[in-house]
Amino acid sequence: MQAKKRYLILLSAGASLILLFCFGGIQVPLSRRGPGRRDDHSLTGYHPGARWRRLQGYLKVFSTWEKDHDFHEDISPRQKRDSNSGLFTGRRCRMESCFNFSLCERNGFKVYVYPQQKGEKLSESYQNILSSIEGSRFHTPDPAKACLFVLSLDTLDRDQLSPQYVHNLKAKIQSLPLWNEGRNHIIFNLYSGTWPDYTEDLGFDIGFAMLAKASISTENFRPNFDVSVPLFSKDHPRTGGERGFLKHNTIPPYRKYMLVFKGKRYLTGIGSDTRNALYHVHNSEDVVLLTTCKHGKDWQKHKDVRCDKDNIEYDKYDYREMLYNSTFCLVPRGRRLGSFRFLEALQAACVPVMLSNGWELPFSEIINWNTAAVIGDERLLLQIPSTVRSIHQDKILSLRQQTQFLWEAYFNSLEKIVLTTLEIIQDRVLLHASRSSLMWNSLPGGLFTLPQYSTNLGDFPFYYAKLGTKPYPKFTAIIHMVTPLVSQSQPVMKLLVAVAKSQYCAQVIVLWNSDKPLPAKHRWPVTSAPISVIEGESKVINSRFLPYNTIPTDAVLSLDEDTVLSTTEVDFAFTVWQSFPDRIVGYPARSHFWDSNKERWGYTSKWTNDYSMVLTGAAIYHKYYHYLYTTYLPASLRTMVDQMSNCEDILMNFLVSSVTKLPPVKVTQKKQYKETMMGQSSRASRWADPDHFAQRQTCMNKFANWFGTMPLIHSQMRMDPVLFKDQVSILRKKYRDIERL
């Protein structure tokens with residue numbers, strides 16, 4: 001009986017404990033390691049959109065009051081955004097819900113810019129944005145063919161205190177007949193809100209439009225819909241842009257300073273806490289974090305006890321000197337989440353240390369910022385110096401190199417920022433033909449790897465080393481002919497035989513650009529490699545660079561009809577190209593120079609040790625450049641080349657050097673090459689014609705103007721055959737025929 005009582009008592013107690021636990025009467029701590037300790041990252045490992053997503057380590061007591069009033073206390077901004085997203089028009093927008101894909105199905109990804117309305121003024125920055133779009137391959141003047149629409153009303157600065165602020169924007173936009181509640185529209189914005197709270201409200205309902213916005217928070221950012229863009233100054237170049245400042249990969253990579261910052265701190269309004277605390281880690285030695293409160297008209301009314309001391313220290317240092325001589329650059333929030341220092345640090349190869357919680361980093365959809373920046377947490381400010389000191393020098397060098405790639409690929413001009421924005425949206429629209437993360441985050445970048453050509457990395461000339469593969473071991477020769485075939489002794493016949501005899505030749509294509517009819521088949525020589533003759537499109541010179549489907553190989557050997565090459569020279573050039581598949585490799589070299597008297601670029605054909613172009617009259621390159629030449633370059637440049645029937649070789653060199661940031665590769669030619677190349681019939685008159693040379697001078701400057709910079713790079717490297725000039729037996733030389741000629 002006693003045993004039964006004890007059993008009932010124990011059973012009752014156990015049931016009571018279970019009930020208490022279920023209804024929250026007992027709080028049970030989770031694992032002592034803490035949630036996410038297993039996935040805890042250093043400052044370099046944070047994902048910008050996920051740094052807040054760690055819940056507290058205890059189960060919260062269930063309470064109706066807490067559910068109603070305290071629900072957002074421990075959840076991420078992105079979760080908070082989604083929970084409130086039903087309160088505003090378009091807050092839940094994603095591509096699949098707020099974008100009309102049917103507009104893109106017929107004509108592809110085309111962008112329409114509204115005509116500027118009479119009396120409406122545009123800031124220089126917004127005018128540059130519109131000009132960049134109108135000059136791109138995406139632009140269409142016909143709204144019926146458009147997939148995406150861009151307003152001609154200036155939306156960049158929505159700070160009501162700014163002189164650039166456009167009034168009555170809501171009514172003006174609503175009156176547009178194509179607005180359609182913002183569907184398939186994109187709105188560019190740099191500044192929003194005003195003092196003292198600087199909210200992200202633009203002052204009008206954007207409806208279902210996408211935002212390309214600077215300083216956007218993860219709370220308001222709509223993933224797979226909005227695009228986070230960098231904050232850029234009004235002086236940011238429209239095209240071209242400067243290269244990064246990492247001139248040499250110095251080892252060890254440490255600089256004079258470990259961590260620097262110089263900027264304002266704010267005594268009133270938002271954005272003051274982080275910068276106000278920087279003095280705690282400033283040591284005047286390798287960590288130099290300087291702030292000043294000397295800004296604004298009435299700063300002295302609000303100055304605190306540290307202002308005078310901070311201002312004196314602030315004036316001791318030159319910002320540029322600090323920027324270029326520091327390993328890491330702090331990028332803390334200002335009034336807004338974004339800062340000009342972000343782009344300044346990238347260009348200077350000073351690894352950005354991001355200290356702006358909740359900022360959706362620029363182009364976060366495509367860029368892996370963990371490979372180029374340190375993503376910090378404002379709440380852990382005091383740990384920042386020890387964290388950056390612990391980063392290994394190999395990692396520092398890798399981070400620094402990636403800053404240079406990202407700066408030059410996506411940020412060094414306004415045009416690249418705009419084109420990157422459009423390319424991101426195009427990848428969403430044409431999801432089946434979108435670029436991979438590797439394409440976006442490695443050379444040459446997403447702007448030069450067009451997915452319409454291929455989505456397979458192995459089809460591009462840039463990724464063979466990363467994939468551990470090699471290009472196809474054959475080439476296709478394309479011989480450009482403009483002279484009628486009247487004799488079997490013409491140089492082109494000898495060229496055909498020499499090229500077709502190459503062990504690497506898959507086929508020879510004769511591009512017939514002559515006005516005369518095609519010669520009969522029996523007039524062409526019989527060779528081991530097949531010869532096909534095709535007529536050039538419209539008989540224009542650019543037809544030699546069309547992406548013909550009949551080219552089965554990766555390599556293209558481009559030849560003029562009067563080029564004189566032996567089979568040995570062809571073999572050697574192709575062997576060299578296999579080691580440089582992303583460059584132009586060939587024989588005739590030319591150079592450019594800056595003429596300080598005329599203040600323009602010059603073109604020279606002098607035979608010197610220095611060169612920056614290899615002419616496509618005898619050169620090998622990857623066939624992808626045919627597609628890029630035809631698709632990426634504007635019709636205006638190609639039309640100019642066709643009208644002059646000149647400069648196509650210069651334009652191809654501009655393009656390839658712009659993509660690779662590398663010079664072409666010259667291979668050694670036989671001794672008579674100079675004389676024979678310059679003395680052949682059809683081209684002799686062109687080379688001797690002074691107008692022909694003057695046209696090439698003009699082309700240099702027209703092309704440089706469109707690219708926004710001079711992409712050509714000088715080189716003195718020449719590739720010689722092994723043992724070419726050594727005094728050894730001719731039988732030991734692989735390319736012995738070159739020396740005999």
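Two strands count as paired here if DSSP finds at least two bridges between them. By that rule β8 and β9 pair in the parallel sense, over six bridges. The model is a predicted one, and the tour starts at this pair.

**Stop 1: the sheet around β8**

Select β8 (257-264) and β9 (287-292). Within the pair, Leu-259 stands opposite Val-287 of β9. Now add β10, β11 and β12: the five strands make an open sheet with parallel pairing, in the order β9-β8-β10-β11-β12. The edges are held by β9 and β12 (374-375), each of which has a single partner strand, so one side of each lacks a neighbour in the sheet.

Next select residues 307-314, which are helix α10. This helix packs on the sheet and touches β8 and β9, and its direction makes about 120° with that of β9.

Before leaving β9, step back to the loop between α8 (273-276) and β9, where Ser-284 lies. The phi of Ser-284 is positive, near 65°, in a residue other than glycine.

**Stop 2: the second largest pocket**

Which residues are the closest to the centre of the second largest pocket? Select Tyr-198, Lys-264, Tyr-266, His-295 and Arg-335: of the 35 lining residues, these are the closest to the centre. The space in this pocket comes to about 1,100 Å³.

To see the surrounding elements, colour β8, α9 (299-302), α11 (319-324) and α12 (341-347), which each give two or more residues to the lining. Coloured by class, the lining residues divide into 13 nonpolar, 11 polar and 11 charged.

**Stop 3: the sheet around β1**

Move to β1 (111-113) and strand β2, residues 148-150. These two run parallel and are joined by three bridges. One residue pair to label is Val-113 with its bridge partner in β2, Val-150.

Extend the selection to β4, β6 and β7. The result is an open sheet of five strands with parallel pairing, ordered β1-β2-β4-β6-β7. Which strands stand at the edges? They are β1 and β7 (227-228); each has a single partner strand, so one side of each is left without a neighbour in the sheet.

Helix α6, residues 124-134, packs on this sheet. Its contacts are with β1, β2 and β4 (185-189), and its direction makes about 140° with that of β1.

Follow the chain to the loop between α7 (169-174) and β4 and select Glu-181. Although Glu-181 is not a glycine, its phi is positive, at about 60°.

**Stop 4: a cis peptide bond**

Select Leu-443 and Pro-444. The peptide bond that joins them is cis, with omega about 0°. Pro-444 is found in the loop between α16 (437-441) and α17 (464-467).

**Stop 5: confidence**

Finally, colour the chain by pLDDT. The average is 86, and 82% of the residues score at least 70. Select residues 79-87, where the pLDDT is below 50; this stretch has 17 contacts in the model beyond near neighbours in sequence. Then select residues 673-685, where pLDDT stays under 50. For that stretch the model has 22 contacts beyond four places in sequence.

How values were computed:
Residues numbered from 1 in each chain as written. Predicted model: local features only at pLDDT ≥ 70, side-chain atom pairs only at ≥ 80, totals over all residues. Heavy atoms only, no water. 1 Å grid on protein atoms, 1.4 Å probe; cavity = no way out; pocket = protein on both sides within 12 Å on 5 of 7 lines; lining within 4 Å. Points joined across faces, edges and corners; volume = space filled by probe spheres on them. Helix = DSSP H or I, 4+ residues; strand = E, 2+ residues; numbered from the N terminus. Nonpolar A, V, L, I, M, F, W, Y, C, P; charged D, E, K, R; others polar. Contact = heavy atoms within 4.5 Å. Axes fitted to C-alpha atoms, helices over the stretch in contact; angles between N-to-C directions. pLDDT = per-residue confidence, 0-100.
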